[in-house]
Structures are given as C-alpha cells and as structure tokens.
Amino acid sequence: MSITKETLEQHLKDPAIFCCRREKGLVISAADLEDPSLFDDMVDAGLLTLSPNGLKIEQVLGSTLLTDVEALTPITAEVLDKVNETDSSAEKEKESVTNESKPIITTKIGGEGMLHIEIAKADHIEGLKLDLPIGGAAAPAAETFVPAPGVAAPTGEKKVIRTLKKKHMKISKVELGDKTSIIDGVLTIDKNIVDKAVLEDPLCKSLALDIIYPNERHQYTETIMDVCPIATKVEGELGEGITKVADGVVFMLTGVDEDGVQVHEFGSSEGYLDEKMYFGHPGCADENDIIIRCHAVIERLTGMTRPGPFAAHKCQDYVIQTIRDELKKYEGEVIREEICEDVRRAGNPRVVLVKEIMGQGAMHDNVICPTEPCGILGGQKNVDCGNVPIVLTPNQVRDGSIHALTCIGPATKEMTRHYIREPLVEGLAADTELDLIGVIFIGSPQVNDEKLWVSERLGSLLESLDCDGCIITTEGFGNNHIDFIQHIGQAGKRGIPVVGVSFCAYQGQLVVGNEYATAMVEENMDKGGFENNVAGCSCVTKEVATRAIQMLKNKMAGVEIKPAPKKWNNDVINANNKLLGLPETVLLDNGTLH
Amino acid sequence: MLTTKEGMQSEIFVPVTPKPVFSELKKPLSECKVAFITAGGIHKKSQTPFNTSGDFSYRTIEFSTPSSELMVTHGGFDNSDINKDVNAMFPIDRLHELVEEGFIGSLATETYTFMGGGGNVEKFKNETGPEIARKLKDQGVDIVLCTGGCGTCHRSATIVTRCCEELGMSCVVIAALPPIARQQGAPRITAPHVPIGSNAGEPNNIPQQTAIVKESLEWVRDCPSYNQMKVLPYEYRHNV
C-alpha cells in the first residue's frame with residue numbers, strides 16, 4: 001500500500017521491505033512495499049536494519065508469502081514460494097544490445113535561443129538536423145523555421161572585447177631597510193613604514209612586518225586573516241591595459257586584538273605556518289613564495305565587528321601601496337607575461353559564474369573594484385551595497401577586483417589571492433565551447449529575509465542575461481548555504497542548467513535543498529570532512545573547476561549526472577576525477593577524523 | 001558542440017526540503033482552541049473504513065464522540081495497540097481531561113482524520129490538506145496536534161500539518177519516525193520513543209499519553225523556529 005507503480009519502477013534494484021505487517025498467502029505487489037527513498041532515514045532512526053540476505057524489489061514481485069512478516073522487515077528467500085530470476089549478466093548483454101540499436105540523438109541549446117537536434121541514426125530517419133527556437137511558443141509558427149535571409153548562424157567565433165596584460169616581475173629577495181625600493185629583483189621595505197601605516201585607522205593599535213622565506217615556514221603564526229598579492233596598474237583601469245604583479249612574494253595578514261584574542265570567526269589558523277596553510281592552493285602562498293607577514297593588533301573587542309578587522313586590512317594596504325608605487329617604476333626581469341582577454345563567443349552557450357561571497361558583516365565582507373588590484377581604496381564593500389548581485393567581467397576579476405576581508409573558516413574562505421587567479425574564472429574564460437558572459441558576485445546577508453531578497457534579484461539578473469547555464473559557488477558553509485541553495489533554485493526554476501560548488505562534506509552537510517541541485521561539486525580536502533583550520537585547504541581548485549565545468553556541459557547537453565549518495569564519500573569525487581583524467585583528491589589528515 | 005562525459009556523479013547530497021512555514025503561537029495555551037488530526041486511519045465505527053491500499057479522503061469526527069465509538073483501519077502497522085486503546089493514536093480522552101484541567105482553553109467542535117499510508121502527495125497537498133486546514137480555521141482553531149502512523153503516513157501527516165500552519169494555526173507533528181517529519185518539513189516535531197501504531201503513547205498508559213500531549217503543546221508554545229524537534233523522554237516498546 002505504500003508505493004506507487006511509478007515509484008516502483010525507479011526502485012526495482014532497491015531492497016524489498018514490507019511497509020506493513022503482511023500475512024501468509026499474500027501475493028506481493030507494489031502496494032505492500034515501503035518507499036525505498038525513506039530507508040536511509042529509517043535506518044538512521046534505528047527503525048530498520050537492512051540485511052545482506054534481503055531481496056530486491058524486482059525479485060519479490062508476484063511471489064507468495066509463506067509466513068506472516070512484520071512491517072519494516074527485509075524480505076528474504078525463506079519466506080517466499082519463489083524468487084524472481086534477475087540474472088545480471090543476461091541483463092548486461094541486453095543493455096549493450098539496446099545501446100547499439102539505440103537512436104543516436106544529440107540535442108544542444110545554443111546561442112540565439114535555438115535548440116539544436118541532430119539525429120545521426122534512428123529507424124527510418126538518418127542525418128536529420130533540426131534547429132528550433134526554445135520557448136518560441138509565442139512566436140508565430142510560420143517564422144519558426146525560416147532563418148532571416150543573409151544572416152549567417154553564429155559560430156562561436158572569438159571576439160575580443162578587451163585585453164589585459166599582466167607582467168609578472170621577478171622578486172628574488174625581500175628585506176627590511178631604510179627606504180622602500182625594488183632594485184634588481186630585491187624588494188626593500190622601509191622598516192619604519194609601519195609607524196605611518198598604523199595611523200591610517202585608530203582601531204589599529206600596532207603593525208609589524210617580518211619576512212618568511214620558504215625554508216623558514218616552521219614557525220608560529222597568529223591566525224591568517226588574508227593572503228594578498230602585490231599588484232599595480234601601470235596602464236588603464238581594472239580589467240584592461242597593463243598590470244604589474246610581483247612574482248615570488250605575497251603579503252600575509254595576521255591579527256589579534258589587544259587582549260591577544262585571534263581575529264577570526266569560525267575557526268582560527270594560528271599555529272605553525274607550515275601546518276596552517278595549504279601552500280599552492282589559489283588563495284594561498286605558493287611553496288616558493290617569500291611571505292611578508294604583516295601582523296596587526298587591533299582594539300580590544302573589535303575583532304567581531306566590521307571596523308576592527310577592516311582597520312588591519314586598511315593599514316596593511318597602506319604598506320602595500322608604497323611597494324606598488326615602486327613596482328610601477330620598476331623595469332626589471334619580467335618572468336612571465338600573462339594575456340587575459342574578455343571575449344565573446346557568440347553562438348556558444350552563454351554561461352555565467354556566480355560567486356556567493358560573505359556579506360554578514362564583521363569579517364564577512366569584501367571590497368569590490370578598488371582602484372589598485374587587490375587594494376582597498378576606491379572600492380565599495382558588498383555589505384554596504386546591500387549584498388545585491390554585481391556583475392564583473394572575467395578580466396576585472398583576474399585583475400584583482402576583489403579584496404577579501406575574509407572570515408568564516410580558514411579552510412573554506414576565499415582569500416584575496418584566490419580571486420586574482422580563480423580557477424573557475426580561468427577555466428570558463430579559456431573554454432572555446434562556451435561563451436562566458438560575466439562573473440556575478442552576490443553577498444550573503446545575515447537576515448533570512450534578506451537572503452531570499454538578494455537571491456530573487458539574482459534570479460531576475462540571470463534571466464535578463466539570457467544565460468544557457470551557470471555555475472554557482474559559495475565560500476564557507478552554514479547559514480550561507482540557505483542562499484546558496486536559493487540561488488540554485490532561482491536558476492533552476494527558470495530552466496537554466498546549474499551546477500553548485502561548495503564545501504559540504506561531513507561538517508557542512510546541506511540542511512536545505514531543492515530539486516534543481518542535482519549537479520554538485522565538493523571542495524572538501526579534509527580527511528574527516530571538517531573545516532580543519534588549514535588556510536585555503538577546501539576551496540575551488542583547478543580540479544574542482546574542471547569537474548564543475550564538465551558537469552555544466554553535461555547538464556546543458558542533457559547528459560545524465562548520477563545522483564549523489566546520501567553521505568559524503570571521497571570515492572565519488574575521485575571517480576569523477578578519474579573520468580576526467582584529473583589527479584586524485586588526496587585528503588589532508590589533520591586529526592579531524594570522527 | 002559541447003564535449004560531454006558519461007558517468008559523472010553529483011558529489012554533494014542535497015535533501016529536497018519544502019519551504020519553511022511557521023506561525024508563532026501568540027496566546028497562552030490556556031486560552032487556545034485545540035484540534036487533533038491524525039493520519040493513522042482512525043474513524044467512527046459507523047463510518048466507511050479507509051481503503052488500506054491508499055486513500056486521500058478524510059472522516060469528520062466530533063470531539064464529543066466517545067472513544068469507544070472509534071476504531072482504526074490501517075494496513076501500515078500492527079493495529080493491536082489501537083484496538084486496545086484508540087488514545088494510543090488519537091488521544092481524544094486526554095484532550096478532554098486537559099480542557100477540564102484548564103491546561104488548554106477548548107477543543108474544536110469537530111476534527112478530521114485520514115489514512116496517510118501510501119498517501120498521494122499531490123492530492124494531500126492540493127485537496128485534502130487545504131480542505132482540512134480551512135475547516136479547522138473556520139472553527140477558530142489555534143493549535144493543531146497531529147500523529148502519523150507508518151512511514152508514508154508521516155509524510156501525509158506532515159503535508160496536512162503544513163497546510164494548517166500556512167493558514168496561521170500553530171502545529172506539531174508527534175512523530176514516531178521523526179526523520180521523515182523533519183525531512184518533509186513539519187513546522188514543529190516532538191519525538192517520544194514509541195513504535196508506529198502507538199504514536200501518542202502506550203495503550204492505557206494514561207500518565208504517558210498525557211505527558212506526550214502536554215509536552216507537545218508546550219513545544220508548540222516554545223519551539224523557536226521552523227522544523228525544530230524536541231525529543232520527549234517517554235519510551236514504550238511494543239512486542240508483537
């Protein structure tokens with residue numbers, strides 16, 4: 001009495017369990033069986049124990065019960081007059097046969113809202129190709145099949161809108177001295193600059209600089225608030241012209257308050273630096289980077305307010321600006337010239353990347369579009385902007401449009417360096433099959449109603465951008481997952497294929513969801529599936545980005561993505577990696593096993 | 001043309017949860033009009049029994065009905081407990097006692113019961129649920145208590161309870177299978193340790209039944225937000 005015939009068909013291979021007490025002589029039908037989608041909950045609640053001897057639904061249908069059986073008991077061969085044969089090898093053969101004779105049909109949603117259907121082989125039809133407008137029900141039928149004369153179909157040809165050249169300037173040595181300068185790859189920082197920098201904000205009580213070389217990583221550090229590149233504009237605005245980036249050196253901001261309380265929110269990364277940063281991840285220092293540590297002490301009890309942590313970022317930025325000014329003039333060795341292009345590939349599927357960033361205040365904030373790459377001055381904070389979605393071009397993001405006032409967990413936050421080399425931005429922009437039309441930043445507000453409000457704004461934006469697909473990411477986990485899932489719903493209910501990317505694993509399991517969140521990519525790299533307090537450990541990596549982009553293509557092309565298992569399992573992630581020729585996701589053992 | 005890869009699997013489990021629905025209780029319990037609905041297949045002996053293979057109809061039961069005139073028709077669990085004492089699923093006698101005691105203000109004139117096993121989700125969501133909710137609301141009901149029965153009963157019970165909550169009544173599902181009530185989006189949940197079939201407590205154990213009903217009412221008052229669950233410290237094991 002418990003499942004319908006439709007449910008039955010989806011669950012033929014699932015365990016057969018009586019929903020109710022059933023008596024001897026019964027001929028088993030769908031109506032007698034419990035809905036398998038409830039089993040996990042029932043097992044969790046201790047109401048049901050699945051048995052290895054239990055039969056599958058397809059094995060018991062039509063069989064007669066030889067004895068009375070209680071509700072929620074696995075059905076075994078002993079209680080039945082017969083067990084239906086379901087020989088798996090015979091089945092496989094059948095499958096491969098059907099595959100051969102199966103019509104080969106590809107459909108694709110392309111530019112100009114056309115649905116492209118190509119049937120390579122089917123019974124009585126060969127080589128048929130159809131292009132139909134999507135959602136064209138309102139258009140007069142006569143127009144549907146007639147292309148406008150003289151207008152060639154768009155081909156996905158690349159059209160460059162603007163170019164940004166990033167010149168990576170080699171820095172091989174950093175020292176503190178009497179005057180800030182860059183000479184022959186040697187960056188010298190005025191050791192007294194901190195005295196001026198600290199005056200930038202009264203909430204910053206002291207600032208100290210020191211230099212950490214790659215061979216000096218095993219030393220204590222206070223919590224890592226941010227990792228920030230040194231980059232500066234020498235020509236044009238953010239996203240175009242020329243930017244110089246100091247190569248081989250990054251700033252690392254650490255902070256405590258006057259009482260020695262770490263400036264952090266969910267989790268703190270103080271400890272030995274070599275154990276507290278995931279070197280090489282996009283937001284982190286690379287293995288061979290020289291780290292300029294800028295340590296701030298802020299006014300007591302201001303760590304969990306908006307102005308306190310911001311003061312530390314602002315004062316550090318004063319120091320960085322003096323170096324930017326030297327970098328502008330420096331004409332030393334260019335180790336790499338990186339050409340970034342904002343392009344349009346008309347005719348390819350129009351995709352957007354949506355990045356949910358924290359917007360709850362305190363450290364949950366970001367500066368958007370400062371004057372200098374990764375800077376502070378001239379930018380606006382997303383909290384002050386009401387956390388509404390803001391569209392940037394891929395080049396703007398790659399030119400340091402986001403200065404992260406990062407918070408949340410160390411492992412799951414995206415630091416300033418993350419954005420200037422965001423793997424999803426890089427991957428989508430480089431993909432010749434897609435047309436990346438923009439990167440949307442949307443803040444995650446503190447109040448539930450506001451979360452829904454900004455999400456609705458995102459929905460309208462996605463609709464008006466006329467996009468064919470989107471990837472939505474979020475840093476952190478917890479309350480921001482409410483809006484994250486909402487965003488996925490906004491895309492999904494408009495029929496826009498969507499892929500979600502987040503840290504969830506064990507600790508960040510989703511507690512809300514909707515039917516559109518069917519293609520999800522896990523960022524976790526902790527063995528226990530926890531926020532492990534290792535800065536930058538579980539965030540968007542190149543592998544995460546590759547899996548997400550492939551899932552999006554699958555979804556847009558209508559190629560199935562199997563549903564996720566109920567519990568986080570790294571084997572699923574590695575199976576996807578293997579399928580795409582990516583290296584294995586090796587989890588970091590940081591003592592979080594539970 | 002897009003390059004696709006067969007065999008990819010989604011990496012994050014996403015529970016499909018309905019949207020939150022929550023009506024805060026704005027009166028003391030002693031001033032509230034209370035109703036009790038159940039998906040556990042309770043009806044009057046004089047009424048047409050439910051179709052045990054799935055039924056989205058409901059029966060009207062006046063709260064003045066003596067418990068001796070009620071019975072169960074439900075194939076989803078062992079009926080012996082309810083056969084002994086209908087209060088194990090539908091604690092009508094306990095509710096009258098709570099009115100006398102002054103713990104609650106009054107009872108609705110009539111209530112509505114159904115058999116949620118194998119329940120048709122769309123029918124319960126769009127027809128039966130809204131209809132029951134409207135009829136309770138028209139009687140001025142403030143609080144709705146609800147028991148499920150079997151697994152899919154909890155789903156049907158939760159759907160109807162959500163309809164009531166949407167009309168502004170404050171509701172709680174007394175769940176023997178709390179994960180299902182939770183996942184299906186019950187506004188509030190209490191969870192005594194009881195088997196399905198005796199969702200409101202051990203048959204003829206008046207103190208236990210009273211405590212479960214009272215604490216469920218208190219949870220309607222105290223529950224801070226949507227979908228929160230309170231485990232009740234009452235245990236009953238049913239050996240069939």
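Here are some short exercises on cavities and helix packing in this structure, which is a predicted model.

**Exercise 1. Find how many cavities of 30 Å³ or more the structure holds, and describe the largest.**

Step 1. Start with the whole structure: the search turns up 2 cavities of 30 Å³ or more.

Step 2. Turn to the largest cavity, whose volume is about 40 Å³. It has 13 lining residues, and those closest to its centre are I224(A), V263(A), H264(A), C407(A) and K413(A).

Step 3. Sort the lining by class: the largest cavity has 7 nonpolar, 4 polar and 2 charged residues around it.

**Exercise 2. Work out which residues line the second largest cavity and which element gives the largest share.**

Step 1. The second largest cavity has a volume of about 40 Å³.

Step 2. List its lining: E341(A), D342(A), V343(A) and R345(A) are there, along with P394(A), L428(A), A429(A) and L436(A).

Step 3. Match the residues to elements. In chain A, β14 (334-345) and α11 (423-430) each provide at least two lining residues. The largest share belongs to β14(A), with 4 residues.

Step 4. Finish with the classes: this lining holds 5 nonpolar and 3 charged residues, and no polar ones.

**Exercise 3. Helix α11(A) also packs on α14(A); describe how the two helices cross and which residues meet.**

Step 1. Take the geometry: the axes of α11(A) and α14(A) lie 8 Å apart, at an angle of about 45°. The two helices are therefore oblique to each other.

Step 2. Add the handedness: α11(A) passes α14(A) in a right-handed crossing.

Step 3. Name the partners. From α11(A) come P423(A), L424(A), G427(A) and L428(A), while α14(A) brings K542(A), A545(A), A548(A) and I549(A). L428(A) may look familiar, as it also lines the second largest cavity.

Step 4. Count by class: this contact has 6 nonpolar residues, 1 polar and 1 charged.

**Exercise 4. Stay with α14(A) and decide how it is oriented relative to α15(A).**

Step 1. Locate the helices: in chain A, α14 covers residues 542-557 and α15 covers residues 570-579.

Step 2. Read the crossing: their axes come within 10 Å and cross at roughly 75°. With that angle, α14(A) is roughly perpendicular to α15(A).

Step 3. Look at the contact. E543(A), R547(A) and M551(A) of α14(A) touch the α15(A) side, made up of I573(A), N576(A) and N577(A). By class, the contact of α14(A) with α15(A) has 2 nonpolar, 2 polar and 2 charged residues.

**Exercise 5. Move to chain B and describe the packing of α2(B) with α6(B).**

Step 1. In chain B, helix α2 spans residues 92-101 and helix α6 spans residues 206-222. Their axes are 10 Å apart and the packing angle is about 65°.

Step 2. Which orientation does that give for α2(B) and α6(B)? Angles of 65 to 115 degrees count as roughly perpendicular, so α2(B) is roughly perpendicular to α6(B).

Step 3. The handedness is right-handed where α2(B) passes α6(B).

Step 4. Pair up the sides: α2(B) offers R94(B), L95(B), E97(B), L98(B) and E101(B), and these meet I206(B), Q209(B), T210(B), V213(B), K214(B) and L217(B) in α6(B). The contact of α2(B) with α6(B) divides into 5 nonpolar, 2 polar and 4 charged residues.

How values were computed: Residues are numbered from 1 along each chain as its sequence is written. Chains are lettered from A and ligands numbered from 1 in the order in which they are written. This is a predicted model: local features need pLDDT of at least 70, side-chain atom pairs count only at pLDDT 80 or more; totals for chains, interfaces and linings use all residues. Side-chain values use heavy atoms; hydrogens and water are left out. On a 1 Å grid over the protein atoms alone, a cavity is a set of points where a 1.4 Å probe fits but cannot get out, and a pocket is an open set with protein on both sides within 12 Å along at least five of seven lines; lining residues have an atom within 4 Å of a point. Grid points are joined across faces, edges and corners, and a volume is the space filled by probe spheres set on the points. Ala, Val, Leu, Ile, Met, Phe, Trp, Tyr, Cys and Pro count as nonpolar, Asp, Glu, Lys and Arg as charged, and the others, Gly among them, as polar. Axes are lines fitted to C-alpha atoms, for helices over the stretch in contact, and angles run from 0 to 180 degrees between N-to-C directions. Angles under 35 degrees count as roughly parallel, over 145 as roughly antiparallel, 65 to 115 as roughly perpendicular and the rest as oblique. A crossing is left-handed if the near helix is turned anticlockwise from the far one by less than a right angle, and right-handed if clockwise. Contact means heavy atoms within 4.5 Å.
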